[in-house]
Amino acid sequence: MAAAPPSYCFVAFPPRAKDGLVVFGKNSARPRDEVQEVVYFSAADHEPESKVECTYISIDQVPRTHAIMISRPAWLWGAEMGANEHGVCIANEAINTREPAAEIEALLGMDLVRNGQGELDIPVRRSWAPKERFSCKTRN
């Protein structure tokens with residue numbers, strides 16, 4: 001399998017960014033003819049024990065999700081990058097490895113960007129504030 005082309009994230013802080021703003025961005029290494037959508041989702045309350053349908057699997061839904069704006073390939077549920085109503089930003093990056101991928105349906109990295117799951121503690125839609133979540137946990 002060929003390695004994915006590089007994708008890069010960037011952040012510009014004042015004084016490099018004007019008017020005291022922070023600028024967050026990412027290029028995409030997706031195919032050039034793949035449609036990218038920029039989509040807004042309102043904050044929402046969810047029923048207890050409800051599920052959310054991700055790209056390939058369903059996961060437990062949290063009681064409340066926050067408003068988000070994301071950029072995503074039109075065909076999948078997840079996101080390349082996004083920001084929530086509290087200013088938390090996150091982006092997907094390709095990681096090349098020598099280990100073969102498991103042949104099971106699972107969450108994509110882009111699904112984690114959009115909604116997060118127990119192993120990733122910096123989700124866009126489930127985090128309350130920028131300083132609340134900044135750890136990333138992985139399994140061996």
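Me: In this predicted model, which residues does valine 39 touch, not counting residues up to four places away in sequence?
Reply: Contact here asks for heavy atoms within 4.5 Å, and residues up to four places away in sequence are left out of the count for valine 39. With that limit applied, the residues that valine 39 touches are Ile68, Met69, Ile70 and Arg72.

Me: How many residues make up the largest nonpolar core, which includes Val39?
Reply: In soluble globular proteins, nonpolar side chains tend to be buried together. In this model, Val39 belongs to the largest nonpolar core along with Ile68, Ile70, Ala79, Ile90 and Val113. The number of residues in that core is 6.

Me: Is glutamate 80 buried or exposed?
Reply: Glutamate 80 is found in the loop between strand S8 (68–73) and strand S9 (81–84), and among the residues that glutamate 80 touches are Arg30, Gln36, Ser71, Met110 and Val113. Its relative accessible area is 4%, and a residue counts as buried under 20%. Because of that value, glutamate 80 is classed as buried.

Me: With which side chain does the side chain of glutamate 80 make a polar contact?
Reply: Lys26 is one of the residues that glutamate 80 touches. A polar contact needs a pair of N or O atoms within 3.5 Å, and the side chain of glutamate 80 has such a contact at 2.7 Å. The partner is the side chain of lysine 26.

Me: Over the ring of which residue does the charged end of arginine 114 sit?
Reply: A search of the whole structure finds 0 aromatic pairs, but a ring can also be placed beneath a charge, as the case of arginine 114 shows. The charged end of arginine 114 lies 4.1 Å from the centre of the ring, and that ring belongs to phenylalanine 41.

Me: What is the approximate omega of the cis peptide bond that joins proline 14 and proline 15?
Reply: Most residues other than glycine have a negative phi, and most peptide bonds are trans. Proline 15, found in the loop between strand S1 (9–12) and strand S2 (23–26), is joined to proline 14 by a cis peptide bond. The omega of that bond is about 10°.

Me: Is aspartate 19 buried or exposed?
Reply: Aspartate 19 is found in the loop between S1 and S2, and its phi is positive, near 60°. Its relative accessible area is 74%, and a residue over 50% counts as exposed. Aspartate 19 is therefore exposed.

How values were computed. Residues numbered from 1 in each chain as written. Predicted model: local features only at pLDDT ≥ 70, side-chain atom pairs only at ≥ 80, totals over all residues. Heavy atoms only, no water. Phe/Tyr/Trp six-rings, centres within 6.5 Å; stacked < 30°, edge-to-face > 60°. Lys NZ or Arg CZ within 6 Å of the ring centre and 35° of its normal. Helix = DSSP H or I, 4+ residues; strand = E, 2+ residues; numbered from the N terminus. Buried < 20%, exposed > 50% of the residue type's maximum accessible area, 1.4 Å probe, protein only. Polar contact = N/O pair within 3.5 Å; in protein donor to acceptor, adjacent residues only side chain to side chain. Core = buried A, V, L, I, M, F, W, Y, C linked by side-chain atoms within 4.5 Å.
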